[in-house]
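Trainee: I am new to this structure. Can we go through the terms one by one and test each against its value?

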Amino acid sequence: MARWSERSETTLYDCLPENVNIGLRVLVLTADVESMLKLAITKLVLLVSLLICRPLVRFQSEHLWAQTPESGISQRNGDFPGRAFLEKVFARRLAGWKAVSADNCSTRADGKANWCLSVSSRVCDLLTEECGLDAIVDAESKVCASQKNSWLTTSRMFLNDFARHWFRRSYTGIGAAMMSNLQQLSLMNSVVMIADQVRVPEYDYGPAVEKLQAAVRQEVEQKELPAFSISLVDSNRVIWAAGFGFQDAEKTVPATAETVYRVGSVSKLFTDIAVLQLVEEGRIDLDAPMQEYLPDFHPENPFGIPLTLRQMMSHRSGLVRESPVGNYFDPAEPTLAATVASLNNTRLVYKPETKTKYSNAAIAIVGAVLEKQLDEPHPQRVQHTILNPLEMKQSSFVVTPAVEPKLATGWMRTYDGRRFAAPTFLLGTGPAGNMYSSMLDLSKFISCLFEDGRTKDGKILSPESLQLMTTPIKDAEGKSQGFGLGFHVQEFDGFTRIGHGGAVYGFSTQLELLPERKLGVAAAASLDGTNGVVTRLADYALRLMMAVQDGKPLPDYRTTIPVPAERAVDLVGRYREVDGERFTKISELNGDLFMQRGSFRHELRAAADDGAIITDDEIGFGTHVELGDDGRLTVGDTTFARLPDEPPADIPDRWRGLIGEYGWDHNTLYILEKDGRLYALIEWFYYYPLQEVSDDEFEFPDYGLYHGEGLKFSRNANGVATEVNAAEVVFKRRQVGTKDGETFRITPVRPIDELRTGALAASPPPEPGDFREADLVELVSLDDSIKLDIRYATTNNFTGSVFYKQPRAFMQQPAAQAVARANAKLKSLGLGLLIHDAYRPWHVTKMFWDATPDDLKDFVANPARGSRHNRGCAVDLTLYDRGNGQPIQMVAGYDEFSPRSFPLYPGGTARQRWYRELLRRTMESEGFTIYEYEWWHFDYKDWQKYRIGNATFEDLLKP
């Protein structure tokens, strides 16, 4: 019946876009049958279209098009809504057919080639940006005069509906098919010949790129992104790609569009495509029970519904998020087989097909099925059948010689302010997250998707399979679940957006496509937990490109500045939801304002355009925060009332043995208390309140990464937890810092007495310039309620050695007076200041430095620069209870060399953190600033005005 070459058929399918309906499929197979059937086929197309598509609107004389004796159809005076958009998109679609036009014309021997060429010539003359769609109509109608009466009715109906409904793409094929059938012309020849001379509109993206570059530079600087790369795609071409920052830790190699990143869960798309390739070959059934492919796979399934690949690829299987072995936290790099086998020790969280639960473990199983069917490793299969055909030469599921030279260094970050190099181990759930790629390589993948899976030498997947992957799964009520098979599917400014995000150690990636516009973006940063800002930049890029194509003004990128100090101080406090149980806390540290609300801690900044206070950080942007005249805080659309500034209640004894750190250095689980509940802070950024089931068992909330899963603690004889099984991952307790009341110790690199001789013989670094004369006074001489616990006059310090001959605390006069004022402010709260150290001779600082191992030197001052203690303007202190004289328990002890000492360390109890913040606020109110690594260390504002001192206490006490 059909007389297409493979090449012609491919081009016809390009004519018929992603939402080709059944009627068009029929037409594709029957377009060149005998003329006696043509009219019947046209009626069939119309009937199916009426049933499936939106009803065609009949042509009326007052509508957009009118018949004239000269040309059959001409443009009505005036414009119609969306005309410019229609012309551009229609021209873009037709341009895809140009490749075969000459072929089809030259191979026709019945004279229709001449007709074809004449139409092409006519269209070439008429089709411009100004006349666009009208020229096509006019050209077609002139050469079709002999069939005017029959063709005009159907064609006018199509064109009218086409204009009225803003390019309902399936009608394009219908209109072309009806015109061809009624004139007894080949469907391919008729539509291709018109498209032959059509030129794709050339858009000037230059101004849009300039605005995007400015936005990227602003974000890279403000959020200190080590490396950021981005690529913009229009149909089958990259219109701009670039890198920012540096891809290496030493900052010697600038990042480019070819810099390679770990792209995390973007990997899932490639795994799922590889499986669908086997589905097309008839080797895999998406709905077959999993045991047909993995007979030994049997997690506990009490629901009686077999698990399938379709469920797993759409995250509707009910499986746990992570596997017990080879999970996101596990650095052991187990095999895929071992990872999948460990799932036999788990139980389904939900009944299959009833709830969407994102699962890395599920995609690991998908990869295992792939390997089982092929007897070939998953990375190799994806390489051979997807990456190589797409010429993605810098992409792989393992680090290859092509990947390694351009691989960016990934960086971790934490809420307490630390940054450290990301781990590089491969995940046991490799099919779900082990892929490496550059943004230029991902752009090739984007273009392939726009071409319905075709490559220059074939295809990686059929249009039908891609349609399946990008059609959202719906629940029992018909509500979209946001996922197809692999792809997320969302609405974006009136269009469907497909793609996937990726978040893996040290890297954040976003792959976003608008299939209806054939616009796409690939973007990545080499900093953990930055998908918020990467997504925002990707979305901005899409909006800029759409604005260019639509001839609209380019949108601006909203920027922010730090919140002015006078506004920040008014916001600081703890708030409770007026009509609910949720809490919000706003705090400030060294000019940065933070809001802890829900699952995240956000940074607050002031919008540069109107001064509004909004969230702006690596995680998110744009939530408005406003403090009303009545003292109430509005966050988004929720109102909170300020709570009294008083210490929270102490925790129940049963929780004391649970609070602490668990897991690994690269990914630590914190169990802490706030708002009267135990919380899990997991994967560095996610705060989840825990529901207590029993003393040792808790549940995650019904939202977030681990909804439906729980935690179970194991305790020792003293009631202290030694490990916790959280969401099927076992986290061992970490020994961090010291136990309450104990002093942190190091093993000095060299004996202190040996170091003392050299330190006393050395001299402080020279300091040219004008300085104030030293005026050191004892703190207790200004206020005898200031208590002393000078640790370095005893062996109760981090070295176990004595440094001072007597317990004294000296400071420069202005600084000492500020400490006395702070102590007086605390009196009304029944509290006072307990001093551990103040002025410190320079030679003692040198002894500290020389005694401390290199990996702990962040906690001691470098004698080459001197210490603010040496200048008499720094003080180490804590709070004590005036009632009993005892120190107030803080999260960490004095001189503890661990992250617990950081002022923003998130662990411990709410009561401990409240006292830590009270001390800081009190000292800051008197001109001190806190040291970023030590909650007890405060520097006075005038420290630069005093020289480094080296006098001993005995020298200072001489008359």
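Mentor: Start with T668, which is found in strand β25, residues 668-674. Keep in mind that this is a predicted model.

Trainee: What makes T668 buried or exposed?

Mentor: Its relative accessible area is 2%. Buried means under 20%. So T668 is buried.

Trainee: Which backbone oxygen does the side chain of T668 reach?

Mentor: That of W664, at 2.6 Å. A polar contact needs a pair of N or O atoms within 3.5 Å. The value for T668 and W664 meets that distance limit.

Trainee: Which residues does T668 touch, not counting residues up to four places away in sequence?

Mentor: E661, Y662, L681, W684 and R734. To count as touching, heavy atoms must lie within 4.5 Å.

Trainee: What makes β25 "mostly covered"?

Mentor: Seven of its seven residues are buried. T668, Y670, L672 and K674 point one way, while L669, I671 and E673 point the other way. Both sets are buried.

Trainee: How do you know that β24 and β25 pair?

Mentor: Pairing takes at least two bridges. β24 and β25 have four, in the antiparallel sense. One of the bridge partners is easy to find: E661 is matched with Y670 in β25. A hairpin of four residues joins the two strands.

Trainee: How many bridges join β25 to β26?

Mentor: Five, and the strands run antiparallel. With at least two needed, β25 and β26 count as paired. K674 stands opposite R677 in β26. The hairpin between β25 and β26 has two residues in between, and D675 in the turn has a positive phi of about 55 degrees.

Trainee: What comes after β26, residues 677-682, in the pairing?

Mentor: β27, joined to β26 by four bridges and antiparallel to it. A680 stands opposite Y688 in β27. Put together, four strands form an open sheet in the order β24-β25-β26-β27.

Trainee: Why are β24 and β27 said to stand at the edges?

Mentor: Because β24 (660-663) and β27 (686-689) each have a single partner strand. One side of each is therefore left without a neighbour in the sheet. The twist averages 25 degrees from one strand to the next.

Trainee: In what order do the strands of the five-strand sheet run?

Mentor: β28-β29-β30-β31-β32, again an open sheet with antiparallel pairing. β28 (691-692) and β32 (729-732) are at its edges, because each has a single partner strand.

Trainee: What makes β29 and β30 a pair?

Mentor: They share three bridges, in the antiparallel sense. At least two are required, so they pair. β29 covers residues 697-699 and β30 covers residues 710-715. F698 has L711 in β30 as its bridge partner.

Trainee: And which residue of β31 does L711 stand opposite?

Mentor: A726. Five bridges join β30 to β31, residues 721-726, and the two run antiparallel. Another match is S714, whose bridge partner in β31 is E723. β30 and β31 form a hairpin with five residues between them, and G719 in the turn has a positive phi of about 85 degrees.

Trainee: How do you know how many disulfides there are?

Mentor: A search of the whole structure finds zero. The test asks for two cysteine sulfur atoms within 2.5 Å.

Trainee: What makes C448 and C873 buried or exposed?

Mentor: C448 has 3% relative accessibility. C873 has 0%. The limit is under 20%, so both are buried.

Trainee: Where is V533, and how accessible?

Mentor: V533 is in helix α20, residues 531-550. At 2% relative accessibility it counts as buried. V533 and V216 are 317 residues apart along the chain, yet their C-alpha atoms are separated by 9.6 Å. V533 touches E219, K223, L225, D617 and E618, not counting residues up to four places away in sequence.

Trainee: Which residues touch the most other members of the largest nonpolar core?

Mentor: F270, F297, L309, F445, L833, L879 and M923, out of 173 residues. Helix α15, residues 360-374, gives the most to this core, with ten residues. Apart from it lies another core, of 36 residues, including L212 and F228.

Note on methods:
Residues numbered from 1 in each chain as written. Predicted model: local features only at pLDDT ≥ 70, side-chain atom pairs only at ≥ 80, totals over all residues. Heavy atoms only, no water. Buried < 20%, exposed > 50% of the residue type's maximum accessible area, 1.4 Å probe, protein only. Polar contact = N/O pair within 3.5 Å; in protein donor to acceptor, adjacent residues only side chain to side chain. Axes fitted to C-alpha atoms, helices over the stretch in contact; angles between N-to-C directions. Core = buried A, V, L, I, M, F, W, Y, C linked by side-chain atoms within 4.5 Å.
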